[in-house]
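Reader: I am new to this structure. Please take me through one part of it slowly, and show me how that part sits in the whole chain.

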Amino acid sequence: AKHNAALNGVDNLDVLLGDASVLDGVKEEFDVVIANINRNILLNDLQYYVPRMKEGAYIYMSGFYVSDIEKIRKEAERQGLTFVDARSQDDWACVKLVKL
């Protein structure tokens, strides 16, 4: 992620590697969250991501199947996010949500 950010001229980026526990002690709010892991972990970790997102922040989640989109969407909406879009390639999916 850091390498790709540098290639694209992005320098205001924090990259955290690990599960949601890496957010312990993080006080800042995020403009964008990108999470790429499996459905069950994403569903569990939403409760940690959402409180650290600014109003108007986006979260992009991937690493799950098209058949999982509805479960991801329902939990995200339960956590206060609004569904924006879903994309897929082969059977893999990605969703975009916003915190309003």
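Author: What follows is a close look at the nonpolar core, set between a view of the whole chain and a visit to some residues elsewhere.

The model is predicted. Start with the overall plan. The chain has 3 helices and 4 strands. Their order along the sequence is α-β-α-β-α-β-β. A helix therefore comes at the start of the pattern, and two strands stand together at the end of it.

Next, the overall size. The C-alpha atoms fill a box of roughly 35 × 30 × 25 Å along the principal axes. The radius of gyration is 13 Å. A compact globule with 100 residues would have a value near 13 Å, so the chain agrees with that expectation.

Contacts tell a related story. Take the contacts between residues at least 6 apart in sequence. Of these, 62% join residues at least 24 apart.

Now the surface. The accessible surface comes to about 6800 Å². Carbon and sulfur atoms account for 47% of that area. The chain carries 12 positive and 16 negative charges. The mean positions of the two sets lie 3 Å apart. As for the inside, 28% of the 100 residues are buried.

That brings us to the core. The largest nonpolar core holds 20 residues. Ile59, Met61, Phe64 and Leu81 touch the most other members. Which elements give two or more residues to this core? They are strand 1 (30-36), helix 2 (39-49), strand 2 (53-65), helix 3 (69-78) and strand 4 (92-99). Strand 2 gives the most, with 5 residues.

Look at Ile59 in particular. Residues up to four places away in sequence are set aside here. Beyond them, Ile59 touches Val33, Leu46, Tyr49, Met53, Leu81, Val95, Lys96 and Leu97. Val33 falls within strand 1, which spans 30-36. Leu46 and Tyr49 fall within helix 2, which spans 39-49. Val95, Lys96 and Leu97 fall within strand 4, which spans 92-99. Leu81, another partner of Ile59, is itself one of the core residues that touch the most other members.

Stay with helix 2 for a moment. Gln47 lies in this helix. Is Gln47 buried, partly exposed or exposed? Gln47 has a relative accessible area of 38%, so it counts as partly exposed. The cut-offs are under 20% for buried and over 50% for exposed. From Gln47 to Gly63 is 16 residues in sequence. In space their C-alpha atoms are 18 Å apart.

Now go to the start of the chain. Ala5 is in helix 1. Its relative accessible area is 9%, so Ala5 is buried. What does Ala5 touch, leaving aside neighbours within four places in sequence? Its contacts are Val10 and Leu13.

Val10 sits in the loop between helix 1 (2-7) and strand 1. At 38% relative accessibility, Val10 is partly exposed. Val10 and Val66 are 56 residues apart along the chain, and their C-alpha atoms are separated by 30 Å.

Val15 is also in the loop between helix 1 and strand 1. With a relative accessible area of 34%, Val15 is partly exposed. Setting aside residues up to four places away in sequence, Val15 touches Ala1 and Lys2. Val15 and Ala1 are 14 residues apart in sequence, and 7.0 Å separates their C-alpha atoms. Ala5 and Val15 are 10 residues apart in sequence, with 9.9 Å between their C-alpha atoms.

One last stop lies toward the other end. Asp90 is found in the loop between strand 3 (81-89) and strand 4. Asp90 has a positive phi of about 55 degrees, although it is not a glycine. Is Asp90 buried or exposed? Its relative accessible area is 72%, which means that Asp90 is exposed.

Put the pieces side by side. Strand 2 gives the most residues to the core. Ile59 is in contact with residues including Val33, Leu46 and Val95. Away from that core view, Ala5 is buried in helix 1, while Asp90 is exposed in its loop.

Note on methods: Residues are numbered from 1 along each chain as its sequence is written. This is a predicted model: local features need pLDDT of at least 70, side-chain atom pairs count only at pLDDT 80 or more; totals for chains, interfaces and linings use all residues. Side-chain values use heavy atoms; hydrogens and water are left out. The radius of gyration is taken over C-alpha atoms; the globule rule is 2.2 Å times the number of residues to the power 0.38. Buried means under 20% relative accessible area, exposed over 50%, partly exposed in between (1.4 Å probe, protein chains only). Contact means heavy atoms within 4.5 Å. Accessible areas come from the Shrake-Rupley method with a 1.4 Å probe; for residues, only the protein chains shown count as cover. Lys and Arg count as positive and Asp and Glu as negative; His and the chain ends are not counted. The place of a charge is taken as NZ of Lys, CZ of Arg, CG of Asp or CD of Glu. A nonpolar core is a set of buried Ala, Val, Leu, Ile, Met, Phe, Trp, Tyr and Cys residues joined through side-chain atoms within 4.5 Å.
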